[in-house]
Amino acid sequence: MALTDILVILMVAALCGGLLCGFPVAFTLAGVALVFAVFGAAFGAFDFTLFGTLPSRIYGASMTNEILVAVPLFIFMGIMLERSKVAEELLETMGDAFGALKGGLGLSVCLVGALMAASTGIVGATVVTMGLMSLPTMLKRGYSAPLACASICASGTLGQIIPPSIVLVLLGDQISNAYVAAQRSLGNWSPDPVSVGDLFAGALLPGLLLVTLYLLYQLFMAWFRPEHAPAMPPGQIVHRKDLGVRVLHALLPPIILIVAVLGSILSGIATPTEAAAVGATGSLLLAGGRLGEDRKPIYIAGLCLLAMLVLANTLDLRVGRTTIPLPDKIGIGAAVLACAGLAWGLITGLRVTWRHRTAVTGTPVLRDVMNSTMRMTAMVFAILIGASVFSLVFRGLGGDDLIHKALGGLPGGAAGALIVVMLAMFVLGFFLDFIEIIFVVVPLVAPVLLKLGIDPVWLGVMMAVNLQTSFMTPPFGFSLFYLRGVAPDSVKTMDIYKGVAPFVGLQIAGLGLIALFPAIATWLPKVLFK
């Protein structure tokens, strides 16, 4: 074995050891890379002049990357919706609607998890909210602790696969770069682009497939093991009055927001970044309407936002033209009025969220949301910079050639290589966060798989579903930690681990179905964008 191969293997081992010891991810990535760069240079296996390209790599990967602007916007959207009590109202209303059925509470948790996934995409916020509100109720109504805990954990992770999702934004950016690199290495210098919108469309049906599998499992447990998922006695459902109105009031705002964000992407009206801005704006309006008393500016602003989307898609609103037709002049005037109405609603939403204080810390909701958004965004981009340093040194030592030889020499060709990569990502999910896997593992293996002729959208969706399992696999599954932190003392950690095992199996089954029937992931993007 060559010296460079030994250094590459030791580099990966040192990275895994550092992460398992609990060192910060971004600094571990960069620190391990710098140490092995020094070792490689000492043995003549690494050229230090490669670091001269690092500023341009970081600048090109993050500073000029418009897609990554969607990350803080989607994070803001998710946290603002969580703070505005949307999830709480959904859980209460859906619990009343389904509580009288066998397994009704479990069904309501899955449905609310799917809705929150499509409107927030923040796993931690969803799991904590549902854990605080639903878990005590489910346990009180006779649900077994493993089933109740697993239902909340699994439903909370749907935010990683149902678009819009931070995972899909980050993964789509990496898959797009890998696809371009793979095509250029094959001599194709003008490949068809693969966008985050393609991945959003590709992940929609697989996300709904997982929701269906979860619901079927809840029904199975309700009918064949009713002692684990009993129905609520009619006398214990205390909010049956005006249930239809309450369901409409709880469901309509988040559904409108989902349609505005996801619909604008899938219909081609807006890019993912533009749609993220719409989502952040809509979440602020929704929070202002939920927390404030004067909702008139909020309603007017919401209508103005929808009107602006329609006008921008149907008319030419550019004002710098020599001649402007009358319909466009009318549209420009209407757009100006819509902007004024939207500004009125945004100012109202900002004022309401600043005056309203959180129950836990007592700080203004707006400040709390902005601080949380800043911390999460800084974490993501710090890991991105650390991963860029690691990737530079890894490739400088010839690691990409080693991976290409290892995967290319496997029996079964592309299928064999894909199986090995999926298994490796599944195992890594026991110990690493999805962000680390996306920024470290995907750039190394995706170009090799794409060179073998694998469809990039299908590969991205397969990886996204695989990464979703990392939130529920002990010992470091984050949704398990989130729920453990808010669960009552009567719930043992082993109850959570035992309960999530069937749901991990359902995710693996869903992954198998997508592997056997790739059209589940590739059909919708072809219909919408081809």
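Start by selecting Lys-85, just after helix H4: this residue takes a positive phi of about 70 degrees. Keep in mind as you go that this is a predicted model.

Now step back into H4 itself. Its 14 residues should span 20 Å at 1.5 Å a residue, and the end C-alpha atoms are indeed 20 Å apart. How many of the 14 residues of H4 are buried? Eleven are, so H4 is largely enclosed by the rest of the structure. Colour the buried ones to see them: Ala-70, Val-71, Phe-74, Ile-75, Phe-76, Met-77, Gly-78, Ile-79, Met-80, Leu-81 and Glu-82. Glu-82 is worth a click, as a glutamate on that buried list.

From H4, move across to helix H14, residues 326-355, since H4 (70-83) is among the elements that cover buried residues of H14. The others to show here include H12 (272-291), H13 (296-314) and H15 (365-396). H14 has 30 residues and reaches 44 Å from first C-alpha to last, close to the 44 Å expected for it. Which residues of H14 are buried? Select Asp-328, Gly-331, Ile-332, Ala-335, Ala-338, Gly-341, Leu-342, Gly-345, Thr-348, Gly-349, Val-352 and Thr-353. Scan that set and you'll run into glycines at 331, 341, 345 and 349, with Asp-328 on the list too.

Next, hop along to H17 (residues 413-428) and H18 (residues 434-451). Their axes lie 11 Å apart and pack at an angle of about 175 degrees. An angle over 145 degrees counts as roughly antiparallel, so that is how H17 runs against H18. Show side chains at the contact: from H17, Ala-417, Leu-418, Val-421, Met-425 and Leu-428; from H18, Ile-437, Val-441, Val-442, Val-445 and Leu-449. What classes of residue make up the contact of H17 with H18? Ten nonpolar residues, with no polar and no charged ones.

Last stop: aromatic rings. The count for the model comes to nine aromatic pairs. Zoom in on Phe-46 and Phe-48, whose ring centres are 6.0 Å apart with planes at 85 degrees, so this pair is edge-to-face. Then bring in Phe-51: its ring centre is 5.7 Å from that of Phe-46 and the planes sit at 65 degrees, so this pair is edge-to-face as well. Together, ring pairs link Phe-46, Phe-48 and Phe-51 into a cluster. Turn on a surface and check each member: Phe-46 is buried, at 7% relative accessible area, and Phe-51 is buried too, whereas Phe-48 counts as partly exposed at 43%.

Technical notes. Residues are numbered from 1 along each chain as its sequence is written. This is a predicted model: local features need pLDDT of at least 70, side-chain atom pairs count only at pLDDT 80 or more; totals for chains, interfaces and linings use all residues. Side-chain values use heavy atoms; hydrogens and water are left out. Axes are lines fitted to C-alpha atoms, for helices over the stretch in contact, and angles run from 0 to 180 degrees between N-to-C directions. Helices (H or I, at least four residues) and strands (E, at least two) are DSSP runs, numbered from the N terminus. Angles under 35 degrees count as roughly parallel, over 145 as roughly antiparallel, 65 to 115 as roughly perpendicular and the rest as oblique. Contact means heavy atoms within 4.5 Å. Ala, Val, Leu, Ile, Met, Phe, Trp, Tyr, Cys and Pro count as nonpolar, Asp, Glu, Lys and Arg as charged, and the others, Gly among them, as polar. Rings of Phe, Tyr and Trp (its six-membered ring) pair if their centres lie within 6.5 Å; planes under 30 degrees apart count as stacked, over 60 as edge-to-face and the rest as tilted. Buried means under 20% relative accessible area, exposed over 50%, partly exposed in between (1.4 Å probe, protein chains only). The expected span of a helix is 1.5 Å times one less than its number of residues.
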